[in-house]
Amino acid sequence: MSNPSITNVWDLFYRTIALSNLVITNIEGSSLSNKDRAIAEAKFMRAWCYFELTTMFGDVPLRLTVPSTAEEFGLKKSTRAEVYTQIEADLTAAVATLPEKGAADNFRASKGTAQALMGKVLVFQEKYAESLPFFEAVISNPLHDLESNVEDVWSIDKEFGIESLFELGYISTTARDWGNITWGGNNESNLHIQLMGPRGDGIFDVASVGLLNGWGFNLPTSKLVTAFETAGDIERKNATLMTEADLIAAGGGVDQTVAVGGEVWDYEGAIRLKYATKSEDTSDGVAELNYSTNWRVFRYAEVLLLAAEAYNKAGNDGLARTQLDKVRMRSGLAAVDATVSGDALFEAIVNEKFLELAHEGQRFWDLVRWGKTATELAGTGYSSKNDLFPIPISEIEKNSELSTADQNPGY
């Protein structure tokens, strides 16, 4: 398969793994004063990347050294079980060595980050009882908590805050413009935020709600809007999206007649507020090229929901409800009724993750592991082969130990 987006995902994760391997190889036998922490951070990053890769691609080559020749580059795929074994080994080393989260370097992976990721890795393997000590270590640590106001989670003022376990940081000090922007990457600013903003060109008038126009990708679905409204989840809904009716009531507007074809592609009646084009998140100059919004790639709310799932699957519904309720009550919702248990409680956790983690890139992979993709994605063109991405043809062509027979089924 030749798909530039899929190839880019593969290449960037393996590039990060290569850098991690380089750090580990070059400083393991050195006398550097910070070598233990540096190696632990490199192993954490390697574990993170392999977890993402095996989730997306299944069996993948497990590179743990830096190849020096073309022959050494050739490497067969390892099974997902073998990849998980290495991930757990790397995270065990990271947990043992990394310091707790500190105010001066809260942008770095910490012991809590590694513990939380270990718990998540174990849940993805359905090792629920084994995951719980790692989640409990994070939950009992006062360095980690929910932001009290759900809107603050994505505020520029709360970056690397108490809810953040791991995030990608961006700045805009280089003041990119149309002449020096690097479309292939390597910018300090977060250009992707511009993609998420409501389309300009006279279609969306959003100035009255503090947004700037963007390029109109990844709009909320009507299903998400309905889910918020059905749950009575007003606070979290208002932190995640804005319906057309709410936009008009706030002094804005929508005119689809000026769009090509007379309608906005993929628009189902709402625009994004989570990771949106907020005017306070960009600098002077060419605003659309200088957003400094951080990606929150792992946060405490997800840990609570993973722990709730693990407790439920391990047969402790009381503690599952306790963790679930923390997330619900932060959003102004009532606690789950004490009679909700078993499969019904699991479905409540599934729905809570849908609402809490909307637009954060987690939903599809949860649906895959829960066996819910066929139902949830009915009518979209989904088939079971889509539970994994295809191995990029460029990898098969370059790697002497792979052939087209190693391609994932259906591609």
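Let me begin with helix α2, where 19 of the 23 residues are buried, so the helix is largely enclosed by the rest of the structure. Please keep in mind throughout that this is a predicted model. The helix runs over residues 35–57, and at 1.5 Å a residue it should span 33 Å, which agrees with the 32 Å that separate its end C-alpha atoms. Just after α2 comes G58, which takes a positive phi of about 80°.

Now to the charged side chains. The structure holds 28 salt bridges, and one of them starts from α2 itself: the side chains of E41 and R108 meet with an N to O distance of 2.8 Å. Because E41 lies in helix α2 while R108 lies in the loop between α4 (80–97) and α5 (111–124), this pair ties together parts that are 67 residues apart in sequence. E41 is buried, at a relative accessible area of 17%, whereas R108, at 29%, is partly exposed.

A second pair is R199 with D201, whose side chains form a salt bridge at 2.9 Å, N to O. Here R199 counts as partly exposed at 33% relative accessibility, and D201 counts as exposed at 58%.

The third pair I would like to show is E356 with R236, in a salt bridge of 2.7 Å, N to O. This one links distant parts of the chain, with E356 in helix α13 (residues 342–356) and R236 in helix α9 (residues 234–240), 120 residues apart. Both E356 and R236 are buried, and both belong to a network of salt bridges that also links E163, D233, K274, R299, R328, R330, E352 and E360.

Methods. Residues numbered from 1 in each chain as written. Predicted model: local features only at pLDDT ≥ 70, side-chain atom pairs only at ≥ 80, totals over all residues. Heavy atoms only, no water. Helix = DSSP H or I, 4+ residues; strand = E, 2+ residues; numbered from the N terminus. Expected span 1.5 Å × (residues − 1). Buried < 20%, exposed > 50% of the residue type's maximum accessible area, 1.4 Å probe, protein only. Salt bridge = Lys/Arg side-chain N within 4 Å of Asp/Glu carboxyl O.
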